[in-house]
Amino acid sequence: MHSIELSTLQRTESLGTVLGKIAEPGDIITLAGTLGAGKTALTQYIGRGLGIDPRIYITSPTFSLLHEYQGRIPLYHMDLYRLGSEEEIESLGFPEYFYGHGLTVIEWPERLGSLMPAERLHIELVISGEISRTAHLSAHGELWQKKVADIVSMV
Ligand SMILES: Nc1ncnc2c1ncn2[C@@H]1O[C@H](COP(=O)(O)OP(=O)(O)OP(=O)(O)O)[C@@H](O)[C@H]1O
Ligand SMILES: [Mg+2]
């Protein structure tokens, strides 16, 4: 596991921008952390790194569950907070986005249970102060294991 101190929002921006720039079709990033930890904020910066039009505001898909944006590659932003069961997630067709044409970013991935993708970058955001967060990055699968040290060095 690699940990990064995000001492200000600018450091979160830097992490998000790096993740957006290196994203490849089929990549999955799961974002854990309590309410207000910064999962949506990080996703907004990932979107900037993907080259999504900066006039487009990336909002929390808490009620709509899934938002899709067009950048260099598509961004599929999911928030599973309100979903109760794996069956519900499956019936909404969410797993069909995994490993597809875009980058999938998933808030509240714990809800996936057995649907949890094996190849993914998992980031847990921990609140360490009013404007600071700690990001714990864990690579699941060989592809992310190769990339994670580079990501940390670029932030
Ligand atoms: N270093 C930082 N990194 C990220 N967010 C920060 C940081 N410092 C302060 N913040 C603030 O913390 C808040 C994070 O809110 P955000 O909606 O991103 O949380 P979330 O994890 O998506 O919560 P939820 O589980 O409700 O979806 C924002 O208002 C953001 O500006
Ligand atoms: Mg959120």
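Which residues of α1 are buried? They are Thr12, Leu15, Gly16, Leu19 and Gly20, as the first legend sets out.

The model is predicted, with local features requiring pLDDT of at least 70 and side-chain atom pairs pLDDT 80 or more, while totals for chains, interfaces and linings use all residues. Residues are numbered from 1 along each chain as its sequence is written, and chains are lettered from A and ligands numbered from 1 in the order in which they are written.

**View 1. Buried face of helix α1.** Helices are DSSP runs of H or I with at least four residues, and strands are runs of E with at least two, numbered from the N terminus. Thr12, Leu15, Gly16, Leu19 and Gly20 are buried (20 or more other C-beta atoms, placed from the backbone, within 10 Å of the residue's own). Seen down the axis of α1, these residues fall within an arc of 130 degrees, so they line one face of the helix (the arc is that of the directions from the helix axis to the C-beta atoms). Their cover includes β1 (2-6), β2 (28-32), α2, β7 (133-140) and α4 (142-154).

**View 2. Shell around ligand 1.** Of the 17 residues around ligand 1, Thr12, Gly38, Lys39, Thr40 and Ala41 come nearest (near is a C-beta atom, placed from the backbone, within 6 Å). α1 (9-22) and α2 (39-49) are the elements that give two or more residues to this shell; the largest share, three residues, is from α2.

**View 3. Leucine 112 in its loop.** Leucine 112 lies between β5 (103-107) and β6 (120-127), and is buried, with 20 other C-beta atoms within 10 Å. Leu80, Glu86 and Ile89 touch leucine 112, not counting residues up to four places away in sequence (contact is C-beta atoms, placed from the backbone, within 7 Å).

Definitions and conventions. Buried ≥ 20, exposed ≤ 12 C-beta atoms within 10 Å, placed from the backbone. Contact = placed C-beta atoms within 7 Å.
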